[in-house]
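Trainee: Could you take me through one part of this model in detail? I'd like to look closely at chain B, from its overall build down to the side that touches chain A.

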Amino acid sequence: MVSTRELRETEFLRDFHESELSDLAGIAAHTRWKEGETIFHAGAPAAALYLLRVGTILLCFPNGRSMPLRDEGHAVGWSSLVSPFRYTATAVCLSDVRLYEFSGRELYRLIQMNALFGQRLMQKIAQIMEQRDRYRRGTPVSFGRD
Amino acid sequence: MYGLKAISAANGWTITFTGLAIVFTGLVVLAAIMANMERFLALWDRRGELLAGFKHPPRKQPFLVQEPRTDRPEAPTTDKTRVHLPLDQIEVADHFHLITNRLGEPFSLAQLLEKASKHGLSSPHRHLDTFLKLGIIVEDSGDRQGFYTWANDVEIVRSSAEE
């Protein structure tokens with residue numbers, strides 16, 4: 001069971017209202033992953049949004065680029081809220097990782113019930129998309145011999 | 001004639017010791033090759049530059065110019081940040097180097113992890129995380145953002161506790 005207090009301390013959710021955090025806590029789950037495990041694969045149906053609690057995740061994009069996420073509060077799996085609802089990168093654990101998991105379907109239900117919450121959440125998602133766009137869209141660079 | 005006399009008469013002792021010497025010499029040579037296999041492979045990977053150096057040796061100076069001695073202090077050498085690692089991580093770094101020599105720089109971390117896993121390296125993800133945290137492997141910039149290189153200004157040294 002995830003508490004509202006835990007979520008309030010997460011950077012990603014810092015400016016959300018108490019009632020919204022309470023709703024989010026109701027659909028959140030703690031998940032643990034071992035070093036080397038893959039949380040999701042690029043191209044797979046995106047079912048959940050994750051918030052990083054502890055550990056390091058490496059986002060590997062199909063063009064060969066990658067981006068390590070280390071700080072607490074990073075969100076991964078924004079594709080669960082954006083069409084065509086397929087992950088755009090593969091998320092691999094570089095260490096033992098603990099995450100908050102939010103079902104994409106449940107998040108949509110909350111967005112439909114509360115437009116302001118939806119706006120706040122989608123603004124955050126847009127920021128993340130913009131940050132990662134360079135990695136995602138960048139053309140493959142081939143310097144290697146293999 | 002039977003027994004030891006027969007062996008001596010037919011040079012049996014000489015043949016026996018010669019055979020033993022041949023077998024053991026072969027084993028010693030084989031062990032030396034196996035022990036240095038990593039170096040041979042590293043040389044094989046660098047064969048292009050080595051051959052290029054052999055074909056185009058650096059030009060010799062036509063004559064030496066004696067520079068006047070001055071009392072000026074020597075220019076400071078470029079400082080490298082020393083990163084202390086335990087022996088097992090140094091070995092993993094060497095292994096990563098062999099892989100990235102093949103991949104070329106800048107390299108993809110996903111490819112590095114894939115190759116390291118295929119080579120049976122233990123916990124490559126954890127080691128990569130450490131190298132990234134310590135700035136031993138750094139992200140490239142510009143249109144190569146998302147690809148990585150070995151930091152030039154970092155020198156890996158063995159932890160003093162292990163020396």
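Mentor: Sure, and keep in mind that this is a predicted model. Let's begin with the centres of the two domains in chain B: taken over C-alpha atoms, domain 1 and domain 2 sit 37 Å apart. Domain 1 covers 3-49, and domain 2 covers 81-162.

Now for the secondary structure. Chain B has seven helices and four strands, and if you walk along the sequence they come in the order α-α-α-α-β-α-α-α-β-β-β. So much for the order of elements; next comes the packing. Chain B is 163 residues long, and 16% of those residues count as buried. If you take the contacts within chain B between residues at least 6 apart in sequence, 56% of them join residues at least 24 apart.

On to the side that touches chain A. The contact draws on 21 residues from chain B and 23 residues from chain A. On the chain B side, the elements giving two or more residues are helix H5 (87-103), helix H6 (109-118) and helix H7 (124-133). H7(B) has the largest share there, with five residues. As for the chemistry of that side of chain B, it splits into eight nonpolar, seven polar and six charged residues.

If you want to trace this on screen, here's the short version: find domain 2 of chain B at 81-162, then pick out H5 at 87-103, H6 at 109-118 and H7 at 124-133 on the side that touches chain A.

How values were computed. Residues numbered from 1 in each chain as written. Chains lettered and ligands numbered in written order. Predicted model: local features only at pLDDT ≥ 70, side-chain atom pairs only at ≥ 80, totals over all residues. Buried ≥ 20, exposed ≤ 12 C-beta atoms within 10 Å, placed from the backbone. Contact = placed C-beta atoms within 7 Å. Domains from an automatic or database assignment. Nonpolar A, V, L, I, M, F, W, Y, C, P; charged D, E, K, R; others polar.
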